[in-house]
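Subject: Handing over a structure, with notes

Dear colleague,

I am passing on a structure that you have not worked with before, and I would be glad if you kept it open while reading. The sequence and the coordinates come first, and my notes come after them.

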Amino acid sequence: MKIKNVIFDLDGTIADTLPLCIAAFKKSVEPLLNKEISEQEIIATFGPSEEGTIRKLIPAHEEAGVKAYLHYYEQLHYTCPVAFAGITELLEFLKTEGVQLAMVTGKGIHSTRLSLKQFGLEQYFIIMETGSPEGPNKVNGIRNVLSRLNADITESIYVGDAPSDIVYCKQIGIPIAAAAWASTTNAGELAKLNPDWLFNTVEEFKIWIADLI
């Protein structure tokens, strides 16, 4: 196998942003709900972009909720100041080797751009497909990226940390490298779904892919 195209997820793959997302949701939603909301309740709504999560949690205040979320997401980003160790070096290595890099994430476009700017990674992703408020959209996002790159699916991989990423990739037929390097990732859950490969560290993934590009 020769890899010419790598599509990355963001949350939990590029950086440990899940705690930031949850904190921003709590800060933005609780005042509008006038009650506390648990992390589990927030995570249960994940799938759509943050606009869709806000819509589920506080449908009567969607516009105000989204505005507040983006405000707190940016304000609290100091809690997640950098990407995972080795990610910048990995992206630079792949780019230098001529690999086409893209991103497909369930995040909305605004928070995606905020995070990539914070991490100094905007220049690496020539194409991005972000989430939809209507529901999970990674299948269409990955297909759109492959089309826009004019990429052969047999020369492409997706890198993501969620069990759903493995399910989506199997549905499309694109090989998946499951990323288990985030503190929020359960490697056992990923392994049960039989990803094509499973990596516990960024460095382990970099060493592996270096032989295939």
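What follows is an account of what was found, going from the whole chain to single residues.

Please keep in mind throughout that this is a predicted model. The protein chain has 10 helices and six strands. Its radius of gyration is 17 Å, close to the 17 Å that the globule rule gives for 213 residues, so the chain is as compact as a globular protein of that length. Along the principal axes, the C-alpha atoms fill a box of roughly 55 × 35 × 30 Å.

Of the 213 residues, 48% count as buried, and the surface that the chain exposes comes to about 9900 Å², with carbon and sulfur atoms supplying 50% of it. If one takes the contacts between residues at least 6 apart in sequence, 68% of them join residues that are at least 24 apart.

Turning to the interior, the largest nonpolar core holds 48 residues, and the members that touch the most other members are Val6, Phe8, Ile14, Ile87, Leu121, Phe125 and Phe205. Helix 1, which spans residues 18-33, gives this core its largest share, namely six residues. There is also a second, separate core of 20 residues, and among its members are Ala102, Val104, Ile142 and Val145. Phe8 is a useful residue to select on the screen, since a view centred there brings up a long list of partners: leaving aside its neighbours within four places in sequence, Phe8 is in contact with Thr13, Ile14, Leu90, Leu91, Leu94, Leu101, Ala102, Met103, Val104, Phe125, Tyr158 and Val159.

The cysteines deserve a separate word. A disulfide is a covalent bond between the sulfur atoms of two cysteines, and a search of the whole structure finds zero of them. Why does Cys80 form no such bond? The closest cysteine sulfur to that of Cys80 belongs to Cys21 and is 8.6 Å away, which is too far for a bond. For Cys169 the closest cysteine sulfur is again in Cys21, but here the separation is 20 Å, also too far for a bond. Both residues are buried: Cys80 has a relative accessibility of 6%, and Cys169 has one of 0%.

Two serines may also be worth your time. Ser111 lies in helix 6, which covers residues 109-119, and it counts as buried because its relative accessibility is 0%. Apart from neighbours within four places in sequence, Ser111 is in contact with Glu50, Leu70 and Tyr73. Ser132, by contrast, is found in a loop, the one between strand 3 (127-129) and helix 7 (138-149). Ser132 is nevertheless buried, with a relative accessible area of 17%, because the cut-off for that class is under 20%. A polar atom of the Ser132 side chain lies 3.0 Å from the backbone nitrogen of Glu134. Again leaving aside neighbours within four places in sequence, Ser132 is in contact with Pro48, Ser49 and Asn137.

Further along the chain, Leu190 sits in helix 9 (residues 187-192), where it counts as buried at 1% relative accessibility. Although Leu190 and Ile166 are 24 residues apart along the chain, their C-alpha atoms are separated by 7.7 Å. Ile166 is also one of the contacts of Leu190 beyond four places in sequence, a set that further includes Asp161, Ala162, Pro163, Ala178, Thr185, Pro195 and Leu198.

Finally, there are two asparagines whose backbone you may wish to inspect. Asn150 has a phi near 55°, a positive value in a residue other than glycine, and Asn194 likewise has a positive phi of about 55° without being a glycine. Asn150 lies in the loop between helix 7 and strand 4 (156-160), and it is exposed, with a relative accessible area of 73%. Asn194 has its place in the loop between helix 9 and strand 6 (197-199), and this residue is exposed as well, with a relative accessible area of 55%.

With kind regards

Key
Residues are numbered from 1 along each chain as its sequence is written. This is a predicted model: local features need pLDDT of at least 70, side-chain atom pairs count only at pLDDT 80 or more; totals for chains, interfaces and linings use all residues. Side-chain values use heavy atoms; hydrogens and water are left out. Helices (H or I, at least four residues) and strands (E, at least two) are DSSP runs, numbered from the N terminus. Buried means under 20% relative accessible area, exposed over 50%, partly exposed in between (1.4 Å probe, protein chains only). Contact means heavy atoms within 4.5 Å. A nonpolar core is a set of buried Ala, Val, Leu, Ile, Met, Phe, Trp, Tyr and Cys residues joined through side-chain atoms within 4.5 Å. A disulfide is a pair of cysteine sulfur atoms within 2.5 Å. The radius of gyration is taken over C-alpha atoms; the globule rule is 2.2 Å times the number of residues to the power 0.38. Accessible areas come from the Shrake-Rupley method with a 1.4 Å probe; for residues, only the protein chains shown count as cover. A polar contact is a pair of N or O atoms within 3.5 Å; within protein, one must be able to donate a hydrogen and the other to accept it, and residues adjacent in sequence count only if both atoms are side-chain atoms.
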